[in-house]
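User: Could you walk me through one part of this model up close? I'd like to know what is tucked away inside and what it touches.

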Amino acid sequence: MEQFFAALTLSAGYNTALVCIGAALLGAASGAIGVFVLLRKRTLVSDAVSHATLPGVALAFIIAQVYFGSGRSLPVLLFGAALSAGIGVLAVDWIKTHTRLTEDAAIGTVLSTFFAVGMVLLTIIQSMSISGQAGLEGFLLGATSGMLKSEALTIAVAAALVGLAVVLRMKEFSLLCFDEGFAAASGYNVRWLDRTLLLLLLGIVVIGLKTVGLVLIIALAIIPPVAARFWTDRVPVLVAIAAGIGASGSYIGAALSASAPNMPTGGLIVLVLFSFFVVSLLVSPVRGILAAALKHYRFQRIVHLRQGLLAIAHNEPVLEPLTRSILRRGGFMSGDGQPTVKGQSEARLIERDQKLWNLYREMHPEESHALADWSLKPIGEVLPADTVKVLEQELSPHVVHPEEGGKGGAN
């Protein structure tokens, strides 16, 4: 526990602090780009990209080992991963465009094939009499315990650049996700924007291989925006929250990994991110489960209270236990089930309000069906005052106000 808090407060050593900061930058960039991947409905593509990196990593290791004597160079391995992932994306696009297969079928084909090739190449590497092949498993599930300073700096700088590119293109990506046709009519090259989005996603996948691993990097780009979606509907706020969740989860997961070197870094980061998702799912005031339950409870109380008061106004018995309980707690009904003076007064108001709502539905059927608060709130809180006045005049056409009667007598 002491090691964890030391890593969390950046006091566990320079290299550990650098790894945690690099992981946080990676998480922030992944969350930001993940928002547009989610809105664009391209999450499966990101899965294909991540799995397509494995043969590139393996081939880059073999080539670097044969020609340079050392295959553990991170830039070389990441370059091979990027090249392989790029080929995978192009393969998905070609299959989708030139065959009758759907995109998900193309993704499944490419994902499984590239991953199988990568596993075969890893097996071949393990059988070779060379050094350094033991560390390649870290690209599957992530490993930061043995990360060098240069590797951490490479990941941090690359993640920051990708995050900056997402911020600079936020307007264009938003337009692409919500109205592709309008984006094309406005002069934007939609195909180029889509390729840019996939290129940034590819960059995140490649950068995160060492930290999270190719198996779980998809979670780093999907869980933060999914969790952020519970909190807001506005794209800029959504990007900010997703980046914050990604950065926090990755930072805490990297700190946990520093205190437990034998645990997979990618697994720890994803578990922390999942905890953020669960919290968002439960307590978000916008779309959380508790907020939805509270909203349903309030709606239920409004309906039961209104129906109970209407029953009192019509001299009908109130038999529903929940309705009787709500009326008693509100002081509208006594303990023996009889309406109080307050209840009778409120019932008359609700009855007249319901008559106004019914009249409005008869006079304006289309507008009334479009109102979410129809008959649930007092009509004066929903409709304009002049509209309510017209309804009252229609409801009581023969009522003459005293002032009007007096003026008429004087004349």
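Analyst: Let's start with cysteine 177, whose relative accessible area is 16%. That falls under the 20% cut-off, so cysteine 177 counts as buried. Cysteine 20 is buried too, at 1% relative accessibility. As for sulfur bridges, a search of the whole structure turns up 0 disulfides. Keep in mind that this is a predicted model.

A little background before zooming in. The chain is built with 20 helices and 0 strands. Out of its 411 residues, 43% are buried. Of the contacts in the chain with a separation of 6 or more, 68% link residues 24 or more positions apart.

Now for the close look, at a place where two helices meet. Helix H14, residues 289-313, packs against helix H16, residues 341-363, with the axes 8 Å apart and an angle of about 100° between them. Because that angle is within the 65 to 115 degree range, H14 is roughly perpendicular to H16. On the H14 side, the contact is made by Arg306, Leu309, Leu310, Ile312 and Ala313. H16 brings Gly343, Glu346, Ala347, Ile350, Glu351, Asp353, Gln354 and Trp357. Sorted by character, the residues of this contact come out as 7 nonpolar, 2 polar and 4 charged.

One of the charged ones deserves a longer look. Aspartate 353 sits in helix H16 and has a relative accessible area of 9%, so it counts as buried. Setting aside residues up to four places away in sequence, aspartate 353 touches Arg306, Lys377, Pro378 and Ile379. Arg306 is among the H14 residues in the helix contact described above.

For another buried residue, head over to helix H3, residues 43-68, where you'll find serine 50. Its relative accessibility is 0%, so serine 50 is buried as well. The side chain of serine 50 makes a polar contact with the side chain of histidine 51, at 3.3 Å. Leaving out neighbours within four places in sequence, serine 50 is in contact with Val205, Leu214 and Ile217.

Notes: Residues are numbered from 1 along each chain as its sequence is written. This is a predicted model: local features need pLDDT of at least 70, side-chain atom pairs count only at pLDDT 80 or more; totals for chains, interfaces and linings use all residues. Side-chain values use heavy atoms; hydrogens and water are left out. Axes are lines fitted to C-alpha atoms, for helices over the stretch in contact, and angles run from 0 to 180 degrees between N-to-C directions. Helices (H or I, at least four residues) and strands (E, at least two) are DSSP runs, numbered from the N terminus. Angles under 35 degrees count as roughly parallel, over 145 as roughly antiparallel, 65 to 115 as roughly perpendicular and the rest as oblique. Contact means heavy atoms within 4.5 Å. Ala, Val, Leu, Ile, Met, Phe, Trp, Tyr, Cys and Pro count as nonpolar, Asp, Glu, Lys and Arg as charged, and the others, Gly among them, as polar. Buried means under 20% relative accessible area, exposed over 50%, partly exposed in between (1.4 Å probe, protein chains only). A disulfide is a pair of cysteine sulfur atoms within 2.5 Å. A polar contact is a pair of N or O atoms within 3.5 Å; within protein, one must be able to donate a hydrogen and the other to accept it, and residues adjacent in sequence count only if both atoms are side-chain atoms.
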